[in-house]
Amino acid sequence: MVLLEPERQYVPGGGYSATLLATLERQMTMLGLDPKTTLRTLNETNFHNERAPFLPVAAVYFGGPHQSVEATRIVAQLRAEGRFVLPVVPTLLGYSTQVPAALAPINGMELVPGDLALQHPVARLTEELGLMRSRRLVFISYKRDESRGVALQLHHALEARSFEVFLDTHSIQRGDEFQPMLWDRMGDTDLLILLDTPHAFTSKWVEQEVARAHNLGLGVLQLIWPPPHKRVLGTELCEPVYLEAKDFQGTASDPGSTLLGTRMEEVVALAEGTRARSLASRKTRVITEFCKQLEWHGVEVVVQPSGLLEVQHPSKGATYVLPVVGHPETTLLQQIEDDCLKCGTHPSQGCIIYDPLGMWPKKAAHLEWLNKSLPTKSLAVTEVLTWLTR
C-alpha cells in the first residue's frame with residue numbers, strides 16, 4: 001500500500017495516513033490476516049527503494065493546498081501502470097487544485113467529519129485489494145409507524161456511499177412474493193441495521209429478521225431511541241448505538257423525525273466499520289462449517305493465510321476452495337477461473353463455497369444450471385458430503 005500525503009510535513013504524527021493505517025491494520029486482523037507479514041506500507045520516502053513490483057499495490061493520495069514533487073511523480077507512475085489510486089480531499093470544491101493532474105479524471109472521495117477513523121477510504125481500499133467484496137449490501141429492519149423518517153434518511157445516506165440498501169418499501173418489486181425475497185436479500189447482505197424503537201419487536205418481521213441475522217452470523221448495528229428506551233433482551237450480540245434527543249431534527253419520538261446530518265454521517269461511518277467485522281465473522285462461519293465436515297470424513301484441508309482452502313479431494317486430488325460471504329456471482333466464478341489458469345491449475349480444481357440459508361429457489365436453480373456448464377463450481381456448504389463423493 002502506498003500512502004501519499006504532502007500535507008504530512010505540516011501535520012506532526014503523520015496526519016490522515018497514520019489514522020488510515022491503524023484502521024486498515026485492525027480490519028486486516030479481523031479478517032484473519034497479520035498486517036506485519038501481509039502488508040507493506042510505502043510513502044514518498046521509501047517508494048523507489050522498497051517497492052516490490054510483482055506485488056499488488058493500491059494507493060491513497062491525501063490532497064490539499066500543498067503538493068510535493070515526489071508525491072506527484074509517484075502518482076504519475078502508478079497511474080501510468082494502471083494501478084489503483086484513491087484521491088481523498090477535504091472538500092470536492094476545487095478538487096482539481098488539491099491533487100496532481102494525473103488524478104484530475106478520478107472520482108475523488110471527500111473526507112467526512114463524522115468518520116474519524118477513516119472507515120470510508122479503508123473500505124474502498126480493502127475492496128480494491130480483494131479483502132472484501134465490492135458489492136456493499138445493507139438491510140434495514142424497522143417498524144414503519146415508529147421510525148419511517150430515520151429509515152428513509154438512512155436509505156438515502158447509505159446509497160450516497162455506494163451501498164445497495166434493502167428497505168421493504170423500496171426494494172421489492174410490485175407483484176413479487178414478499179417473504180422469499182426478503183430472506184434471499186438477508187442471506188446475501190453484509191450488515192443489518194436495526195432501528196430499535198420502543199415497540200419495534202412487536203413487529204413479527206423485526207423479530208424474525210434479527211433472529212435470522214443471528215443464524216447467518218450477520219453483524220447488526222442497533223440504533224436505539226428515544227430515551228429512556230433501552231435495548232431488549234436477545235439483542236446482546238448487536239452493536240448498540242444510543243441516540244439522544246439532541247441528535248434529532250424535531251421530536252425524537254415522532255415517527256417522521258430525522259437525524260441531524262452530522263449524526264447521520266457518524267452512523268454511516270459506524271456502519272462501514274461494523275460491515276467489516278460482519279464480513280469477517282460470516283466468512284469464518286463458512287470456513288468453520290466446511291472444515292468441520294471435512295474433518296468428520298477424514299479429508300485433509302489446509303487454510304492458507306489468504307483464506308483460500310486447499311483440500312485433498314478423494315477423487316479430484318488437490319482442490320482450491322474459496323469461501324465467500326453471501327451468494328456466488330458469475331464475475332467471481334470468472335475471476336477464480338482466470339486465477340487458476342494464471343497459476344497453471346485447471347479451473348475444475350477450484351470451487352466456491354457459500355451459506356445457502358434463505359437463498360431464493362430460482363437463484364439456487366440458476367447456480368445449479370451454471371454448475372453444469374462452468375468448470376469452476378459453486379458449492380453450498382450444506383452439500384459438502386455430496387461433493388466429496390462425486
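Is glycine 64 buried or exposed? In this predicted model, glycine 64 counts as buried, at 0% relative accessibility, although the residue belongs to neither a helix nor a strand but to the loop that runs between β2 (58–62) and α4 (69–80). The surroundings of glycine 64 include parts of the chain that are remote in sequence: the C-alpha atom of proline 6, 58 residues apart along the chain, is separated from that of glycine 64 by 7.9 Å. When neighbours within four places in sequence are left aside, the contacts of glycine 64 are with Glu7, Thr97 and Gln98.

A second buried loop position is threonine 197, with a relative accessible area of 2%, which is placed in the loop between β7 and α9. Apart from its neighbours within four places in sequence, threonine 197 is in contact with Glu146, Ser147, Trp225 and His229. One of these partners, Trp225, takes part in an unusual feature of the backbone, as described next. Tryptophan 225 is joined to proline 226 by a cis peptide bond, for which omega is about -10 degrees, and proline 226 is found in the loop between β8 and β9 (239–242). A further cis peptide bond runs from proline 227 to proline 228, with omega near 10 degrees, and proline 228 likewise has its place in the loop between β8 and β9.

The helix that follows the loop of threonine 197 is α9, which spans residues 204–216. With 13 residues, α9 reaches 18 Å from its first C-alpha to its last, a value close to the 18 Å expected at 1.5 Å a residue. The buried residues of α9 are Val206, Glu209, Val210, Arg212, Ala213 and Leu216. Because these residues cover an arc of only 165 degrees around the axis, they are placed on the same side of α9. The elements against which the buried residues of α9 pack are the strands β5 (137–141), β7 (191–196) and β8 (219–224), together with the helices α8 (178–187) and α10 (261–296). Just after α9, glycine 217 adopts a positive phi of about 75 degrees.

Helix α10, one of the packing partners of α9, is also approached by α6 and by α5, and the two crossings are described in turn. The axes of α6 (residues 144–160) and α10 come within 10 Å and cross at roughly 65 degrees, and the crossing in which α6 passes α10 is right-handed. On the side of α6 the contact is made by Val150, Gln153, Leu154, Ala157 and Leu158, and on the side of α10 by Met264, Val267, Val268 and Ala271. Classified by residue type, this contact of α6 with α10 comprises 8 nonpolar residues and 1 polar residue, with no charged residues.

For α5 (residues 119–128), the axis comes within 9 Å of that of α10, and the two cross at roughly 35 degrees; the crossing of α5 and α10 is left-handed. Here Gln119, His120, Ala123 and Glu127 in α5 meet Val268, Ala269, Glu272, Gly273 and Arg275 in α10. The residues of the contact of α5 with α10 divide into 3 nonpolar, 3 polar and 3 charged. Val268 of α10 is listed in the contact with α6 and again in the contact with α5.

Positive phi values in residues other than glycine are found in two loops that adjoin these helices. Leucine 118, with phi near 60 degrees, is located in the loop between β4 (109–110) and α5, and leucine 118 is buried, with a relative accessible area of 4%. Serine 162, with phi near 70 degrees, lies in the loop between α6 and β6 (164–166); in contrast to leucine 118, which is buried, serine 162 is exposed, with a relative accessible area of 55%.

Toward higher residue numbers, valine 311 is found in strand β13 (residues 309–313), where this residue counts as buried at 0% relative accessibility. The C-alpha atoms of valine 311 and glutamine 293, which are 18 residues apart along the chain, are separated by 12 Å. Not counting residues up to four places away in sequence, valine 311 touches Phe290, Leu294, Val299, Glu300, Val301, Gly317, Ala318, Thr319, Val321 and Trp387.

Note on methods
Residues are numbered from 1 along each chain as its sequence is written. This is a predicted model: local features need pLDDT of at least 70, side-chain atom pairs count only at pLDDT 80 or more; totals for chains, interfaces and linings use all residues. Side-chain values use heavy atoms; hydrogens and water are left out. Helices (H or I, at least four residues) and strands (E, at least two) are DSSP runs, numbered from the N terminus. The expected span of a helix is 1.5 Å times one less than its number of residues. Buried means under 20% relative accessible area, exposed over 50%, partly exposed in between (1.4 Å probe, protein chains only). The arc is that of the directions from the helix axis to the C-beta atoms. Contact means heavy atoms within 4.5 Å. Axes are lines fitted to C-alpha atoms, for helices over the stretch in contact, and angles run from 0 to 180 degrees between N-to-C directions. A crossing is left-handed if the near helix is turned anticlockwise from the far one by less than a right angle, and right-handed if clockwise. Ala, Val, Leu, Ile, Met, Phe, Trp, Tyr, Cys and Pro count as nonpolar, Asp, Glu, Lys and Arg as charged, and the others, Gly among them, as polar.
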